[in-house]
Amino acid sequence: MPQPMLILTNPQQQVRFRFSRETAAYQSSQQTHHYRWSQQERISNTPAYQYIGPGQQGLTLKGVIYPHYLGGLEQVEQLRNEAGRGKPFLLVEGTGSVLGHFVIESIESEQTYFLEDGRPQKITFQLSLSRYGDDDAPLSNNPGANAG
């Protein structure tokens, strides 16, 4: 089996989808990390800001599928079906690094270069994922940050 670039697994650790060079390979991976700050108004002074914790994390994968090469036409549909289940996925990189639980928020695809029977020779896709807010995740990397 080819080395995966990224794996989506369900809570039972069953592989639900593999991104690899032989299937749906992504050419770019963009991460977004937000941080939450609350504005505190002050009399006769400019507002101050208080850090209230990490915000949303996002991951966007953009890639290309050549269905005639490997993987077939149903790869994007398989991703749509998994997203439609309404369950978070554990993302694991091909290196074994665990990224955490994410949900699929959107899937965009474009089919081009059609054969006579209407089958596309190239499918580009963009997959947008957001971190699932694990309840047992630590609030801060700084143990004294929440001390009163």
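## Confidence of the model

pLDDT is the predictor's confidence in each residue, on a scale from 0 to 100. The structure discussed here is a predicted model. Across the protein, pLDDT averages 84, and a value of 70 or more is reached by 86% of the residues.

One stretch departs from this picture: over residues 139-148, pLDDT stays under 50. For these residues the model has four contacts beyond four places in sequence.

## Strands and helix

The secondary structure consists of seven strands and one helix. Along the sequence, these elements follow the pattern β-β-β-β-α-β-β-β.

The seven strands form an open sheet with antiparallel pairing, in the order β2-β1-β5-β6-β7-β4-β3. Strands β2 (15-20) and β3 (25-40) stand at the edges; each has a single partner strand, so one side of each lacks a neighbour in the sheet. From one strand to the next, the twist averages 30 degrees.

Edge strand β3 is joined by 14 bridges to β4 (residues 48-65), and the two run antiparallel. Within this pairing, H33 stands opposite Q57 in β4.

## Packing of the helix

Helix α1, residues 75-84, packs on the sheet. The strands that α1 touches are β1 (4-9), β2, β4, β5 (89-93), β6 (98-114) and β7 (120-131). The direction of α1 makes about 145 degrees with that of β6.

## Contacts and surface

Among contacts between residues at least 6 apart in sequence, 56% join residues at least 24 apart. Of the 148 residues, 28% count as buried. The protein exposes about 10000 Å², of which carbon and sulfur atoms supply 48%.

Conventions
Residues numbered from 1 in each chain as written. Predicted model: local features only at pLDDT ≥ 70, side-chain atom pairs only at ≥ 80, totals over all residues. Heavy atoms only, no water. Contact = heavy atoms within 4.5 Å. Helix = DSSP H or I, 4+ residues; strand = E, 2+ residues; numbered from the N terminus. Buried < 20%, exposed > 50% of the residue type's maximum accessible area, 1.4 Å probe, protein only. Areas by Shrake-Rupley, 256 points an atom, 1.4 Å probe, with all protein chains shown as cover. Pairing = 2+ DSSP bridges. Axes fitted to C-alpha atoms, helices over the stretch in contact; angles between N-to-C directions.
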